[in-house]
Amino acid sequence: MLPFALTSANGFHRTRRSLLGAWCAAMGSLLAPASAGVASALVEVPPGFEIVPAALPGLVNFPLCGSFDERGRLFLVERSGHNTEAGAASVPDPGRIRLLEDTDGDGVFDHATIFAEQLDSPLGAHWHDGALYVTSAPSVWRLKDTDGDGRADERLAIATGFNSPGNAAALHGPYLHPNGRLYWCHGREGHEVRQNGGGPLVSSGSAARIWSCRLDGSDIQVHAGGGMDNPVSLAFNEQGEMFGTAIGVDGTPRQDGILHWVHGGVYPRADLENVLAEFPRTGALLPIMSRIGPVAPAGMVLPRADAGRPGYALSLYYSEIETRRVIRMTLEREGSTYRGRPEVFASSTSPQIHFADVIEDADGSLLLVDTGTWTPRGMTTPEASQAGSAGAIHRVRRTGMKPTVDPRGATIDWNTADSAILVPLLGDNRFAVRDRAIAALAGRGAEAVPALTAALELPNGLMRSNAVWALTRIGTPGAQTAVRRALLDLDAGVRAVACQSVLITGDPAAATQLVAKLGDDALFVQREAAHALGRLRNPAAVAALGGAAAIPRDPMLTHALIRALIEINAPAETRALLNHREPRARQAASIAISQMTGRALPSGRSAEALGISRQQILQQPPTWFASAKAGLLAERIVALQGMHGGWSNWSNEVGMTRFSEPIEKGNIVHESLDDGATTTQLKILGRVLTAPRDTPLPPEQATRLRTSFQRGFDYLLKAQYPNGGWPHRFPAQGYHAHITFNDNTTYNVIVLLREAVAREAPYAWLDEPRRERAAEAIDRGITCILASQVEIKGEKTVWGAQHDARTLAPAAARTFEPASLCGLESVGLVRLLMDVEDPSPEIIAAIQSAVAWFERSKITGIRVERFPVDGGFDAQVVSDPAAPPLWARFYELRTNRPIFCGRDGIVRYELAEIERERRAGYGWYTGHPHALLEVNYPRWAAKWLKR
């Protein structure tokens with residue numbers, strides 16, 4: 001069990017730490033006054049956890065962050081405790097590295113020496129392979145103790161040219177990635193960085209960036225960047241995905257955030273166009289994974305003690321300096337990226353405490369680095385200039401936690417043991433041992449390749465991933481050959497690591513396999529494959545990348561595909577995509593060509609006006625909706641509105657993103673609710689009307705947009721049938737008149753109406769009569785959902801994609817959409833029911849019946865593999881015992897068997913039996929019910945089934 005997997009989302013208790021009080025009393029005269037304030041402060045932790053001292057009082061002085069070595073010594077970055085005033089940025093702020101040791105093994109550091117001092121404003125350190133890598137403007141430094149006396153006697157700047165403002169918006173890190181490279185952050189303060197200090201220019205500019213280099217300082221690269229004030233901390237999961245804290249991802253008011261950093265990504269702030277212009281762009285700015293308010297997030301860690309074990313939940317912990325909290329954020333996959341679910345893990349009300357870092361010890365406990373009363377200039381804490389605590393190190397662990405035997409592998413013969421003996425340690429339960437095994441095997445070079453190649457056949461997926469990381473660091477032709485085998489691994493995580501390996505090594509022989517990975521069933525593998533293809537710069541991959549871009553994707557994956565086209569820089573091949581039948585492929589080509597060095601779109605073609613898809617528009621920050629481009633979009637939406645008040649699918653897919661596309665009557669007559677039509681336009685208009693702006697919208701424009709919104713809102717209400725259902729189109733005939741749950745039509749309408757009734761920000765201005773009508777419409781909609789739930793042999797199940805508007809029975813739509821039970825859209829309907837406040841017995845019974853159907857209808861042991869063929873794609877079902885459960889899109893009403901239909905309308909029972917165009921061009925399986933069963937339903941049940 002993960003040591004820090006919370007057993008409760010709330011219910012924190014206050015630990016008064018009688019042990020600490022007794023210990024402090026025993027120490028008596030050793031306790032400095034400043035430390036006493038911290039030592040006696042109350043810190044809240046969740047039930048089942050305890051917080052104890054990790055260092056003797058008075059042993060540390062204004063610590064900021066730290067790094068363990070292989071012996072368990074802690075290298076602690078400390079500062080002077082002086083709060084530099086604005087305008088005095090050039091005054092050095094001397095810092096030091098303190099080396100802490102636990103000499104008696106009781107878990108409390110009891111001895112300290114100074115490893116290095118007279119460092120200007122140090123903000124990070126990482127120990128690896130006998131050296132401490134430190135960020136201290138203007139450089140990233142490598143410090144070594146060559147004579148073993150505990151003090152650094154060798155200092156070498158391995159990367160330099162980074163400006164410092166004298167506060168915390170400077171260099172942070174570095175951090176060692178599993179691929180063997182160092183990564184660090186630099187804020188929006190200006191830089192001029194050259195290879196080897198004085199060689200070719202790498203980058204010159206003002207924007208914030210994430211950087212990397214080899215351990216010797218060579219091959220400096222920019223990984224990603226943006227307009228934020230200050231990226232602070234980085235952490236990597238076992239698959240090498242990168243997460244970070246950042247200050248100032250929005251400017252007015254300030255918002256801080258948690259980011260999922262991807263190769264070549266450009267992130268907000270959106271209001272700094274002059275800064276963002278420094279980067280090649282792939283369209284819209286990439287999304288912030290979680291906006292967390294003005295809290296000054298600092299150090300971050302992804303605990304790894306239980307990685308690879310059953311039930312492991314990926315979580316990150318980050319400190320908030322200004323709120324005196326440590327937050328635990330559970331990460332859940334969402335497309336090719338993640339969404340985060342935060343909860344408070346530790347907090348204090350004492351003004352003496354400011355948590356600046358979270359470090360995982362080798363036994364799985366967490367060290368909370370408390371920097372004391374001092375905080376870096378730029379923080380808004382009112383007590384920053386007060387005298388008080390010089391800080392402390394606290395240890396949080398599960399109550400009754402048993403000691404880990406040899407947590408760092410001190411008893412292992414790392415130098416002389418055979419490689420075949422070290423390979424099993426790649427999957428060891430001790431993460432510090434895993435890391436040492438990667439480094440030790442990589443250090444043996446080609447001699448270790450046979451043993452690592454053999455490891456790729458072992459059943460432990462974590463071991464196979466780590467074998468790929470070791471092979472990546474080796475980088476020889478033999479190692480690259482082994483990595484290509486890992487591209488075919490059954491575990492998506494291993495495949496993703498193999499793609500990242502190619503990104504690092506640039507193995508040209510992997511190109512064909514990477515193209516195949518663009519059809520991988522895991523979107524994050526597709527993302528990493530696209531990044532690797534960009535690194536290879538092979539023009540033969542352009543057609544496949546364009547074909548992949550033609551399919552609706554999430555922003556991270558779309559970015560990766562377009563970024564690869566930009567990096568390949570093959571204008572002739574990319575121009576060919578401008579004739580692609582799918583508008584998304586044409587859009588990707590337009591953006592890529594516009595960003596290629598010295599290239600422009602051929603005459604007669606114009607880039608898509610927005611440079612982003614419909615799906616990406618609503619992911620923009622509030623400030624974007626105050627821009628001139630958003631104003632043009634809003635006017636375009638008004639022009640596309642139909643006579644009944646709604647919008648057509650054409651305006652949804654093409655009209656909003658291609659301003660040059662002429663508006664014709666046929667484009668707008670079929671007003672629709674399908675696939676987000678009308679609800680999307682209303683969301684955009686609401687955001688433009690309420691966007692924060694220095695100058696209000698001109699009154700006539702505000703009136704025009706508000707009137708258009710009201711007409712569209714009224715369209716939603718009048719399109720509803722008396723029985724509570726909504727059709728695909730309104731007015732409608734044929735299958736468009738069916739009550740439509742397909743493509744989340746009903747779900748989208750009810751969610752928007754609920755937000756309006758709740759007076760959420762974009763709709764707070766809406767008049768009360770419309771709000772009251774919306775509340776009534778929601779009630780009727782829920783009633784219709786309950787009445788439509790399909791009953792078979794006296795047992796309630798789920799819903800069809802469409803239902804007859806009169807009988808409420810499941811109904812067919814297009815030839816390949818038969819009357820059936822639907823494993824996809826039923827998820828949204830259950831979530832709508834779960835969101836009902838004070839649910840009735842009928843709602844509770846409907847939810848339980850649907851959940852029971854999902855449980856018995858899940859399909860295990862398979863995955864869907866999508867792969868390129870003959871200029872297009874195909875799909876097939878393959879056996880995979882380790883795959884997560886899937887559900888079919890459609891189930892036969894009589895037998896509950898998964899069914900598939902081609903355009904001939906004939907029901908078949910195997911995906912392989914329908915034509916390729918439908919086989920690869922439709923979503924026949926889904927994993928969405930998994931989160932419903934594992935996350936949403938347990939939370940709901942805990943609240944409502946215990947009444």
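User: How many bridges join strand 18 to strand 19, and which way do the two run?

Analyst: In this predicted model, strand 18 and strand 19 (residues 242–250) are joined by 6 bridges, and the two strands run antiparallel. One pairing can be named by residue, since Ser 233 has Thr 245 in strand 19 as its bridge partner.

User: What sheet is that part of, and what's the strand order?

Analyst: The sheet is an open one of 4 strands, ordered 18-19-20-22, and its pairing is antiparallel. Strand 18 (230–236) and strand 22 (290–293) stand at the edges with a single partner strand each, so one side of each has no neighbour in the sheet. On average, neighbouring strands here are turned by 25 degrees against each other, with direction ignored.

User: And what holds strands together in general?

Analyst: Strands of a sheet pair through backbone hydrogen bonds, in either a parallel or an antiparallel way.

User: Switching to cysteines: how many disulfides are there?

Analyst: The count comes to 0 disulfides, taking a disulfide as a pair of cysteine sulfur atoms within 2.5 Å.

User: Is Cys 213 buried or exposed? Same question for Cys 499: buried or exposed?

Analyst: Cys 213 is buried, because its relative accessible area is 0%. Cys 499 also counts as buried, with a relative accessibility of 0%.

User: OK, prolines now. Which peptide bond leading into Pro 138 is cis, and where does that proline sit?

Analyst: The bond from Ala 137 to Pro 138 is cis, with omega near 10 degrees, and Pro 138 lies in the loop that runs between strand 9 (131–136) and strand 10 (139–144).

User: What about the bond from Phe 730 to Pro 731, cis or trans?

Analyst: That peptide bond, from Phe 730 to Pro 731, is cis, with omega near -10 degrees. Pro 731 belongs to the loop between helix 21 (699–718) and strand 32 (739–740).

User: Last topic, backbone angles. What is phi of Asn 744, and where is the residue?

Analyst: Asn 744, a residue other than glycine, has a positive phi near 60 degrees, and its place is in the loop between strand 32 and helix 22 (745–757). Asn 744 is classed as partly exposed because its relative accessible area is 31%, which falls between the 20% and 50% limits.

User: And Leu 808, is that one buried or exposed?

Analyst: Leu 808 is buried, since its relative accessible area of 17% is under the 20% limit. Its phi is positive as well, near 70 degrees, in a residue that is not glycine, and Leu 808 is found in the loop between strand 35 (802–803) and strand 36 (821–822).

Notes:
Residues are numbered from 1 along each chain as its sequence is written. This is a predicted model: local features need pLDDT of at least 70, side-chain atom pairs count only at pLDDT 80 or more; totals for chains, interfaces and linings use all residues. Side-chain values use heavy atoms; hydrogens and water are left out. Buried means under 20% relative accessible area, exposed over 50%, partly exposed in between (1.4 Å probe, protein chains only). Two strands pair if DSSP finds at least two bridges between them. Axes are lines fitted to C-alpha atoms, for helices over the stretch in contact, and angles run from 0 to 180 degrees between N-to-C directions.
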